[in-house]
Amino acid sequence: MIEWLAFPLLVAGAAAIPKGSNERKSIQTIFENTGYGITNKKGEPQFPKFKKKYPIVDGEEKIGTKYVFQIPLGLPATKMAELEKKVHFFSDGLSRPVLVEFKAWVIPKDPRKYLVIKVFKKDIPDLFPYKLVPECPVYPEKHKKAGENKWVIPLGKVLEGMLWHDFEQIPHMTVAGTTRFGKTVFLKVLVTYLIEYHPQDVELYIIDLKGGLEFGRYKLLEQVKGVASNPMEAAIMLDGIHNQMKEEYKYFQENFYTNISNTPIKKRKFIIVDEAAQLAPEKWMKKEQKEMLGMCQFFLGEITRIGGGLGYREVFCTQYPTSDTLPRSIKQNSDGKVTFRLPSGYASEVAIDERGAEELPSDVKGRGLYKTHELQKMQVPLLEDHDMWKRLERYQVPQSLKGATENVVEYREKEKPAGEDLVKFG
Ligand SMILES: Nc1ncnc2c1ncn2[C@@H]1O[C@H](COP(=O)(O)OP(=O)(O)OP(=O)(O)O)[C@@H](O)[C@H]1O
Ligand SMILES: [Mg+2]
């Protein structure tokens with residue numbers, strides 16, 4: 001009978017690997033010591049077999065080595081998922097940062113799935129200044145125009161290089177994290193990068209519920225169409241956006257547009273909420289106040305439900321992820337989830353649907369997790385206020401020249417519809 005070899009609780013053997021010994025052999029020793037394999041009919045243990053190794057490069061630099069192993073027949077995929085989560089077996093044993101994956105096409109022309117152990121020379125940095133963000137592959141320096149329909153922002157430095165978020169692929173995002181761990185800095189990176197790369201086409205609507213303290217200064221930028229600094233202003237702003245969205249929906253229907261990505265419309269509208277916990281109705285509040293906050297949450301939910309195909313992008317940020325502060329409609333429609341450190345595994349489950357944010361280091365600001373279909377650990381760039389201002393001040397316009405929000409519908413000619421993304425206004 002074939003049997004799984006169980007993971008022992010303590011991995012004493014793995015920790016005993018002498019430094020400097022051959023990495024490949026060390027990985028095999030870890031498989032043996034952790035019992036990662038099966039015993040065959042004859043009672044012989046079978047472990048993953050080494051197939052190939054490749055260098056991991058970031059630009060010109062070799063940053064690590066990728067070891068590919070074939071797993072013994074009969075070891076189920078559930079065991080692989082388990083091993084992917086037990087990265088520390090390898091990182092502790094090798095004294096190096098490690099990523100574990102079980103995937104196909106790791107070997108050229110070979111569609112079979114292999115176990116991949118990536119061993120890196122250096123860990124994610126504790127500090128990653130904004131000025132070190134490399135040129136995004138979709139915005140090559142000399143061809144900025146070529147990238148103008150891309151809406152990509154830097155999320156942070158990961159073990160394998162740089163992690164980006166593409167708002168055309170994933171229109172809405174939630175951001176969570178205990179106070180002082182980097183939410184607002186992340187929002188400032190996002191705002192700055194969007195304006196730097198799309199000065200003509202980005203429109204920003206910012207709900208800064210710390211009384212406008214963080215974003216008040218950016219009100220005068222040509223791209224910032226409004227900064228709401230309290231729930232009442234937020235309700236008025238969101239009501240306006242919701243009405244505008246309804247108009248655009250009709251226009252899209254009339255023109256058989258199903259998704260803005262397939263139309264000539266260049267504008268994208270970002271609704272950014274910093275500290276959404278302030279929008280959660282509380283029992284002790286007056287009825288009118290509760291209703292107003294409920295409306296704000298409803299509009300924000302509608303933007304994520306309907307707005308994606310119409311060119312609206314929502315970034316919803318909260319300190320305390322609970323079902324009250326992170327409404328289900330928003331969470332369900334936001335496929336990009338960023339979190340910084342959180343106080344508990346429960347909060348992490350609310351924020352990113354799995355544990356992990358509670359284990360982020362308590363002494364590293366800007367260290368976060370990014371969850372889409374997979375989970376990545378990253379160090380968000382640090383952008384200081386004075387640097388942000390230096391980059392953006394050229395876009396200031398005198399207040400008297402800042403008109404009302406223009407009608408976003410720019411083109412009237414018919415386009416061939418593509419995609420199926422237009423969701424019904426209900
Ligand atoms: N990516 C980063 N890299 C390095 N330091 C950072 C980073 N992000 C934030 N910090 C440091 O942490 C401080 C607090 O960050 P920030 O204001 O973004 O926190 P926050 O999560 O918005 O907090 P709050 O919930 O109280 O608003 C910053 O002033 C900065 O010193
Ligand atoms: Mg903040």
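**Ligand 1 and its surroundings**

In this predicted model, the side chain of T179 places an N or O atom 2.5 Å from an oxygen atom of ligand 1. The ligand is surrounded by 17 residues and occupies the second largest pocket. The protein covers much of the ligand's surface: of the 630 Å² that ligand 1 exposes when taken alone, 84% is buried by the protein.

**Polar contacts**
- T184 also approaches the ligand through its side chain, with a polar atom 2.8 Å from an oxygen atom of ligand 1.
- At V380 the backbone is involved: a polar backbone atom of this residue lies 2.9 Å from a nitrogen atom of ligand 1.

**Composition of the shell**
- The closest of the 17 surrounding residues are T179, K183, T184, K210 and Q319.
- By class, the shell around ligand 1 consists of 7 polar, 6 nonpolar and 4 charged residues.
- Helix α5, which spans residues 183–197, supplies the largest share of this shell, namely 3 residues.

**Annotated binding site**
- An unreviewed UniProt entry assigns the feature "binding site" to G177, T178, T179, R180, F181, G182, K183 and T184.
- Of these annotated residues, T179, R180, F181, G182, K183 and T184 are included in the lining of the second largest pocket, where ligand 1 sits.
- F181 belongs to the loop that connects β10 (173–176) with α5.

**Where record and model meet**
- T179 and T184 are named in the UniProt feature and are also among the residues closest to ligand 1.
- K183 likewise appears in the UniProt feature, and it is listed with the closest residues.

Conventions: Residues numbered from 1 in each chain as written. Chains lettered and ligands numbered in written order. Predicted model: local features only at pLDDT ≥ 70, side-chain atom pairs only at ≥ 80, totals over all residues. Heavy atoms only, no water. Near = heavy atom within 4 Å. Polar contact = N/O pair within 3.5 Å; in protein donor to acceptor, adjacent residues only side chain to side chain. Areas by Shrake-Rupley, 256 points an atom, 1.4 Å probe, with all protein chains shown as cover. 1 Å grid on protein atoms, 1.4 Å probe; cavity = no way out; pocket = protein on both sides within 12 Å on 5 of 7 lines; lining within 4 Å. Sits in = over half its atoms within 2 Å of the grid points. Helix = DSSP H or I, 4+ residues; strand = E, 2+ residues; numbered from the N terminus. Nonpolar A, V, L, I, M, F, W, Y, C, P; charged D, E, K, R; others polar. UniProt positions renumbered as here; feature names shortened; annotations may be inferred.
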